[in-house]
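Grab a coffee and work through a few exercises on the structure below. Each one gives you a task, then a solution in steps.

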Amino acid sequence: MPAAETVVPTQAAPLTKADFLTDYRLAWESRHASLAGRKEVFMGKAKFGIFGDGKEVPQLAMARAFQNGDFRAGYYRDQTFMVAIGQLTWEQYFAQLYANPDVEAEPATAGRAMNGHFATRMLDEDGNLRDLAQTKNSSADISPTAGQMPRLLGLAYASKLFRQNPDLHQFDSLSTKGNEVAFGTIGNASTSEGMFFEALNAAGVLQVPMLVSVWDDHYGISVPAEYQTTKQSISEIMMGLQREGEGQSGFEIYVVRGWDYAGLVDTYQRAAAVCREQHVPVLIHVTELTQPQGHSTSGSHERYKSKDRLTWEEDHDCLHKLREWLLAEGHATELELDEIEKAAAAVIKLARTAAWAAFFNPIKAERDEAVAMLDKLVAATGNENTMHDLVEQLRTNPTPIRADVVRTLRRALRHVRHEKRSAGRRAIQRHLEQLLAENADRYNSNLFSQSEWAVGNIEEVAATYAADAPVVDGREVLQACFDANFQRDARIFAIGEDVGKIGDVNQAFAGLQDKFGELRVTDTGIRECTIAGQGIGAALRGLRPIIEIQYLDYLLYAVQILSDDLACLQYRTKGGQKAPLIVRTRGHRLEGVWHSGSPMQMILGSLRGMHVCVPRNMVQAAGFYNTLLRSDEPALVIECLNGYRLKEKTPSNVGEFTLPLGRPEVLLAGTDVTVVTYGSMCRIVMDAAKQLAEVGISVEVIDVQTLLPFDTDQLIADSLAKTNRVVFADEDVPGGATAYMMQQVLDGQQAYRFLDAQPRCLAAQPHRPAYSSDGDYFSKPNAEDVFDTVYELMSEAEPERFPEIY
């Protein structure tokens with residue numbers, strides 16, 4: 001499709017001269033903010049800067065098509081758009097540049113993300129979702145390029161569910177019957193990422209209101225488009241997505257020049273109308289954009305752009321072109337535009353000054369208070385010679401940070417460690433403790449929910465069993481659990497490969513699509529990354545998705561999005577957004593390299609901010625699902641792959657009983673050795689414990705049940721106080737989750753005090769398991785391995801009673 005012609009903007013309410021001049025003012029305010037931001041970095045007042053200069057005009061056009069209820073999933077050059085929709089002030093913009101941790105000053109991330117990471121506060125102070133249908137919303141940005149695309153798919157998918165499922169129409173604070181468009185923005189170079197292609201394909205399949213803008217300035221840092229994109233045009237290579245006509249599946253694709261104000265406004269109005277009314281995804285390729293200051297403050301674009309390119313960028317700067325258009329069309333005079341540009345610079349200067357004062361003055365006050373206390377301590381202790389330089393360095397620092405204050409207080413207390421605990425020393429110690437607590441809130445808080453629906457606040461309901469409770473396959477317990485929850489809450493839905501028609505490969509959703517419909521139990525393509533993103537976006541909008549990753553081994557496809565987007569969401573917004581997504585998968589023992597994985601070390605390292613449940617059977621799994629579906633926190637539930645056809649009793653309250661997270665269960669009481677494990681290893685350890693009992697060794701077997709959180713009541717330490725010996729066993733690689741559990745117990749619970757023998761870790765071999773039953777036996781811990789490990793511990797203590805076997 002050729003570039004759009006320059007036309008008079010067409011929309012429901014035609015734009016006026018006042019609208020044009022408002023946009024011109026915002027554009028120049030944004031440009032001056034970018035210029036000032038770069039200077040602030042070079043002056044040392046900020047660590048790094050990345051700005052939206054050169055992208056101002058298309059963002060203004062996009063903002064005019066953005067309505068209440070709509071959502072954005074974008075990237076770090078969208079400052080003009082965020083200001084234009086009223087969800088960012090310039091003072092907030094500079095507060096983020098300075099990393100102000102005050103959530104009132106910097107509501108997007110409370111200083112936790114780099115500048116250009118935009119978000120709206122979608123939760124109130126109690127953790128409740130606000131009226132999202134009546135506000136303009138931005139999901140929280142992340143840095144990984146194209147990482148916004150999977151979430152964007154989910155934001156759009158939610159509109160489809162809200163429109164097509166009548167049972168969701170009651171939730172009118174979340175959606176106006178699916179009228180909302182999900183606007184995504186991405187740089188041209190980032191379209192090379194697989195997540196971009198995966199998300200667009202999925203959007204075309206699903207037919208959801210997803211409007212993607214590609215800001216094309218021809219470069220990805222220093223790498224030009226000829227190295228990035230086939231034909232150097234993302235719209236050309238995506239033309240196969242173009243639908244053949246109205247009512248047909250596919251995309252609408254538009255191409256428009258980024259300096260063509262009238263063409264941009266017209267394109268966005270038409271594109272958003274198609275997207276909103278017909279739920280057709282749209283790709284807008286915005287070409288001929290510039291980047292006046294280069295990629296970021298990390299370097300100069302003069303190093304890699306030719307003189308001809310730099311001259312072209314100067315000539316095609318969208319602000320200069322907008323000025324030309326306004327003058328040519330008679331919408332303004334030279335004097336009017338000069339005054340607007342001058343006023344815009346003044347606005348930014350005031351915002352920058354106010355933001356710096358709001359950031360720096362409290363730190364300066366903290367510094368001055370600390371110096372005054374240190375001066376008293378020096379005078380009282382006579383340590384002026386040793387402490388003088390330390391205090392003076394802090395006193396004379398022109399731009400101290402909070403770390404300087406705390407560091408100085410901690411080092412000062414070292415100087416007086418041999419002195420008696422005077423009033424001045426105690427005062428500094430108390431002050432230091434206060435500062436550490438305040439900074440813990442500023443920089444370490446809100447990893448998990450603080451609301452009344454946090455996992456720890458969900459009421460525990462015990463499972464009950466009728467006298468004639470049916471004994472069924474474990475998969476049938478899960479099926480009954482899901483059935484009950486789907487009836488209870490219309491917001492719950494499940495998606496994943498093979499979840500719908502056949503009820504998942506292990507049949508836990510069997511028959512539920514027929515009962516609840518395709519919108520509630522839905523098959524997807526093979527695309528784990530965007531399955532996760534589909535769930536994240538829908539959960540952000542107040543729905544309760546369960547997404548299925550068919551096998552734990554394939555979590556790798558999704559772990560980047562789960563880690564960078566979902567797990568850190570509450571943290572990086574300081575409680576401003578939440579996405580209570582449940583990721584359901586299965587792992588541990590079965591057959592072969594890619595169907596018996598237990599990569600817990602990877603999960604524990606990358607998914608902090610999510611709960612990780614590792615139930616040993618399906619009744620336990622059902623209890624966790626019941627808890628999580630009543631909570632507002634994200635979680636990963638790893639079911640035992642070899643447990644679906646094992647027989648279990650069905651609780652009479654299968655959809656209501658709840659299991660607390662973080663509480664281990666003692667499966668077998670014992671006195672000699674504690675074995676800590678989880679998942680499929682529970683059955684193996686119980687088998688070994690029976691064999692050990694036959695030779696006179698009493699084993700206490702503990703199932704941790706969840707790895708995140710881990711034993712919040714320190715029940716394992718209580719066991720070690722009794723047995724004085726411990727083995728940590730699982731199916732991960734050596735140094736994986738066994739090492740994690742040992743650290744949690746011996747270090748975190750300080751249970752090392754109770755040990756009379758070396759703690760032992762029993763893990764799988766340092767490779768993926770080989771195929772076949774023999775491959776399983778020789779690759780992963782077996783009952784004989786558990787027996788021998790425990791027996792060796794007892795042999796060390798009582799060699800005569802337990803002589804060496806080998």
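**Exercise 1. Find where Gly263 sits, and say whether Gly263 is buried or exposed.**

This is a predicted model, so treat everything here as computed. Start with the element: Gly263 is part of helix 8. Next, check the accessibility. Gly263 has a relative accessibility of 0%, and buried means under 20%, so Gly263 counts as buried.

Now look along the chain to Lys780. Gly263 and Lys780 are 517 residues apart in sequence. In space, their C-alpha atoms are 63 Å apart.

**Exercise 2. Trace the chain from strand 7 to strand 8 and give the handedness of the crossover.**

Begin at strand 7, which spans residues 252-257 and has five of its six residues buried. From strand 7 the chain passes through helix 8 (residues 261-278) and arrives at strand 8. This β-α-β crossover is right-handed.

Then look at how the two strands line up. Strand 7 and strand 8 (residues 282-287) run parallel and are joined by six bridges. Within that pairing, Ile253 is opposite Leu283, and Val255 is opposite His285.

**Exercise 3. Work out which strands stand at the edges of the six-stranded sheet.**

Write down the order: 2-1-3-4-8-7, in an open sheet with parallel pairing. Strand 2 (137-138) and strand 7 are at the edges with a single partner strand each, so one side of each has no neighbour in the sheet.

Now turn to strand 4 (residues 210-215), which pairs with strand 8 in the parallel sense over five bridges. Here Val214 faces His285, while Trp215 has Val286 as its bridge partner.

**Exercise 4. Decide how far strand 8 is enclosed.**

Count the buried residues: six of the six in strand 8 are buried, so the rest of the structure largely encloses this strand. To see that on each face, split the residues up. Val282, Ile284 and Val286 are buried on one side. On the other side, Leu283, His285 and Thr287 are buried too.

**Exercise 5. Which residues of the largest nonpolar core touch the most other members?**

First, a bit of background: in soluble globular proteins, nonpolar side chains tend to be buried together. The largest nonpolar core here has 90 residues, and Met149, Met210, Val212, Met600 and Leu707 touch the most other members. Helix 5 (residues 148-164) contributes the most to this core, with nine residues.

Zoom in on Met600. Setting aside neighbours within four places in sequence, its contacts include Leu552, Val612, Ile638 and Leu707. Polar company turns up as well, with His588, Asp730 and Asp732 among the contacts of Met600.

A second, separate core has 70 residues, including Tyr76, Tyr254, Ala262 and Ala332.

**Exercise 6. Describe the largest pocket and find which helix gives the most to its lining.**

Take the volume to begin with: the largest pocket holds about 590 Å³ of space. Its lining is made of 26 residues, with Lys47, Tyr98, Ala99, Phe359 and Ile401 nearest the centre.

Then sort by element. Helix 4 (90-98), helix 11 (334-381), helix 13 (402-415) and helix 14 (423-444) are the elements that give two or more residues to the lining. Helix 11 gives the most, with four residues.

Definitions and conventions. Residues are numbered from 1 along each chain as its sequence is written. This is a predicted model: local features need pLDDT of at least 70, side-chain atom pairs count only at pLDDT 80 or more; totals for chains, interfaces and linings use all residues. Side-chain values use heavy atoms; hydrogens and water are left out. Buried means under 20% relative accessible area, exposed over 50%, partly exposed in between (1.4 Å probe, protein chains only). Two strands pair if DSSP finds at least two bridges between them. A crossover is right-handed if, with the strands pointing away from the viewer, the path from the first strand over the helix to the second runs clockwise. A nonpolar core is a set of buried Ala, Val, Leu, Ile, Met, Phe, Trp, Tyr and Cys residues joined through side-chain atoms within 4.5 Å. Contact means heavy atoms within 4.5 Å. On a 1 Å grid over the protein atoms alone, a cavity is a set of points where a 1.4 Å probe fits but cannot get out, and a pocket is an open set with protein on both sides within 12 Å along at least five of seven lines; lining residues have an atom within 4 Å of a point. Grid points are joined across faces, edges and corners, and a volume is the space filled by probe spheres set on the points.
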